[in-house]
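Colleague: I should like a close look at a single part of this model, the surroundings of one residue, followed by an account of the wider setting. Please keep to one connected answer.

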Amino acid sequence: MTIHAQASERRHTAPGGPDGQSPIVVRGLTKQYGELTAVDDLTFTVTPGRVTGFLGPNGAGKTTTLRMLLGLVAPTSGTATIGDRLYADLPEPTRVVGAVLEASSAHRGRTGRNHLRAACIATGLEISRADATLEMVGLMAAADRPFKGYSLGMRQRLGIASAMLGDPDVLILDEPANGLDPEGIRWMRTLLQGLASEGRTVLVSSHLLSEMQALADEVVIVAAGRLARQGSIDDIIAPLSIGAPVQVSTPQPERLAAALRSAGATVTIPNGTALRVLGIEESLIGDLAFSVGVPVHRLYTETPDLEDAFLTLTHAEAAIR
Amino acid sequence: MKRLVHAELFKLRTTNAWWLFALAILASTVTMLVVNGINAYSLLQPFNSFVNLHSHGHAGSIPADFLAHLRQEWTAGHDGIGQAAMLYTSGQLIGVLLVCLLGIVMVTSEFYQQTATFTFLQTPRRSAVIRGKLVAALLVAGLAWLVSTVISVAAGAAFLHSQGYSTGLGHWAVDRAILLNLAAYLLWTLFGIGFGCLVRHQLAATVSATVLYLIGATAAATVFELLNTYVLNQNWVLAAQVVVPPVASTVMVSATQAFEQSPPAWVGAVVLLVWSLVAIRLGDRRLQRHDIT
């Protein structure tokens with residue numbers, strides 16, 4: 001039986017919520033270290049069935065938030081629950097939540113297989129889950145090698161294997177792409193999107209914006225411990241697209257520029273055949289070009305990507321506090 | 001609980017800690033057995049032979065006061081039962097330090113090896129993790145005591161028999177020494193777990209516990225002697241040095257009085273137990289409040 005088949009079979013008896021769905025709900029979460037407010041009244045929800053990116057510059061409080069969610073760090077105030085329960089109150093937490101918080105969390109002298117087996121024994125899982133998850137993350141060949149000989153990418157894979165031991169409803173990963181090569185990143189993306197499509201809740205923190213754009217359905221953006229924005233990537237980008245410049249490619253740039261200027265647009269000509277137009281929409285530019293009989297070879301709006309959105313949203317916040 | 005103990009034993013078995021610990025227990029038992037054997041061999045000789053051994057055959061030329069000293073030493077040690085108790089608990093001197101260090105390492109390695117996050121994600125109830133470690137460490141300490149005792153009793157009994165003495169087994173003084181030895185192994189293990197919870201830095205914890213164990217008794221004797229001489233000249237001041245863990249341990253296992261004002265053996269046992277429980281309670285409370293980062 002494949003891991004996915006096992007997962008869908010298990011869905012009927014999943015312990016997380018009424019129908020096996022376990023949303024993550026963070027409400028007014030605050031963590032203060034002396035003078036420093038690492039996490040400041042943070043509120044957001046992560047829904048099952050999608051990959052949610054948890055995005056922010058280094059030092060924004062992402063890891064602290066995840067550690068509070070997992071009962072490792074005590075919040076100063078506020079709550080973070082998984083399927084309406086605190087992590088520490090889950091009777092069999094590893095069957096509900098799988099988490100990878102740091103790639104370097106195994107005993108250096110222990111083999112990958114024994115690392116996972118120890119976890120199976122501690123949590124009452126079948127010992128065979130160790131090999132099943134090693135297989136799943138493609139680490140079987142290195143199963144009997146001590147952890148100290150693992151590359152960073154192999155450590156990430158072992159981390160994901162350990163998170164998947166209990167076949168959980170919820171996956172929480174802190175910077176899982178660190179140390180993975182491009183093939184590894186693609187593998188992880190396919191894996192996480194597959195797990196989300198089975199109805200699991202997947203929360204992935206990252207500062208790698210391009211990776212998040214390819215992976216996440218939704219993002220929670222934090223800066224300086226505060227929520228900057230939550231929504232689907234399109235929703236976050238859309239407001240920034242309003243009034244975005246339009247690029248036009250034409251063999252008669254001067255004629256088109258004159259027509260556009262008379263229609264109220266601001267036009268620059270960066271090179272011989274290209275125009276950059278502000279203050280007038282793409283479709284109107286097409287209509288105008290047609291009406292003055294100027295051929296247009298190319299016409300597109302400069303859509304801001306997530307990186308632009310991210311930099312705009314976190315602009316005022318210092319990364320390191 | 002059972003699975004946490006099982007997991008801790010599995011974790012011990014899957015690193016080199018297991019072999020290093022076993023090897024250290026065996027080596028220390030054998031070394032101390034040889035030392036105690038040589039000592040017992042000379043003390044169990046008739047007095048003349050004992051003196052000859054100590055003077056390398058020049059018994060006639062040794063000063064009278066040294067002879068008197070040898071006579072005193074020989075009288076105290078020329079006792080098959082006493083030597084049996086000493087031989088059968090040969091592993092103790094280093095063994096109790098080793099189980100204490102094992103307890104410390106079982107807790108501190110979670111932080112040193114950065115596995116605490118992983119461990120507490122699986123078992124968010126941190127006290128349960130500590131209890132699992134405690135039971136696992138006690139089982140291993142019990143096993144260490146058993147191995148050490150079997151080796152010591154087999155070799156010691158054969159030696160005593162070869163010297164024409166009874167093995168002493170079944171004699172209460174001997175059996176008591178063996179059982180108190182077990183109590184020492186278990187109590188020092190408890191102490192180690194508690195100490196590890198309190199001082200989570202592995203190097204700091206192991207070094208300070210070793211120093212406390214090795215020179216604690218001497219330091220305590222000096223300090224309490226000074227207190228008695230210059231501050232409060234009462235006998236109970238000297239007896240009070242039993243509050244220092246290694247002194248308590250010695251008081252507990254000594255067949256005779258550990259020192260002149262020494263309280264009875266059970267006081268040593270209680271002191272060691274109280275220290276261990278206090279360390280565990282404080283360590284556990286500290287761990288509950290500690291942010292795992």
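Modeller: B:Gln122 touches A:Pro93, A:Thr94, A:Ala119, A:Ala122 and A:Thr123, not counting residues up to four places away in sequence; contact here means heavy atoms within 4.5 Å. The model is predicted, so that local features need pLDDT of at least 70 and side-chain atom pairs count only at pLDDT 80 or more, while totals for chains, interfaces and linings use all residues. Residues are numbered from 1 along each chain as its sequence is written, chains are lettered from A and ligands numbered from 1 in the order in which they are written, and side-chain values use heavy atoms, with hydrogens and water left out.

B:Gln122 belongs to helix H7 (residues 116-122) of chain B. Helices (H or I, at least four residues) and strands (E, at least two) are DSSP runs, numbered from the N terminus. With a relative accessibility of 11%, B:Gln122 counts as buried, a class defined as under 20% relative accessible area, against over 50% for exposed and in between for partly exposed (1.4 Å probe, protein chains only). A polar atom of the B:Gln122 side chain lies 3.2 Å from the backbone oxygen of B:Phe118.

The wider contact between the chains takes 33 residues from chain A and 22 residues from chain B. About 2500 Å² is buried between chain A and chain B, and carbon and sulfur atoms give 58% of that area; buried area is the accessible area (1.4 Å probe) that two parts lose on being put together, summed over both. A:Leu72, A:Arg110 and A:Ile121 supply 25% of what chain A buries against chain B, more than any other three residues.

Two salt bridges are counted between chain A and chain B, each requiring a side-chain nitrogen of Lys or Arg within 4 Å of a carboxyl oxygen of Asp or Glu. One salt bridge joins the side chains of A:Glu92 and B:Arg3, at 3.0 Å from N to O. Between chain A and chain B, 14 residue pairs are in polar contact, both residues being at pLDDT 80 or more. A polar contact is a pair of N or O atoms within 3.5 Å; within protein, one must be able to donate a hydrogen and the other to accept it, and residues adjacent in sequence count only if both atoms are side-chain atoms.

On the side of chain A that touches chain B, the elements giving two or more residues are strand E1 (24-33), helix H3 (93-96) and helix H4 (112-123) of chain A. H4(A) provides the largest share of that side, eight residues. By residue type, the side of chain A that touches chain B divides into 15 nonpolar, eleven polar and seven charged, where Ala, Val, Leu, Ile, Met, Phe, Trp, Tyr, Cys and Pro count as nonpolar, Asp, Glu, Lys and Arg as charged, and the others, Gly among them, as polar.

As for chain A as a whole, its secondary structure comes to twelve helices and 13 strands. Of its 321 residues, 54% are buried. Among contacts in chain A with a separation of 6 or more, 69% involve residues 24 or more positions apart.

Elsewhere in chain B, B:Leu238 lies in helix H11 (residues 235-239) and is buried, with a relative accessible area of 6%. Leaving aside neighbours within four places in sequence, B:Leu238 is in contact with B:Phe224, B:Glu225, B:Asn228, B:Phe259 and B:Gln261.
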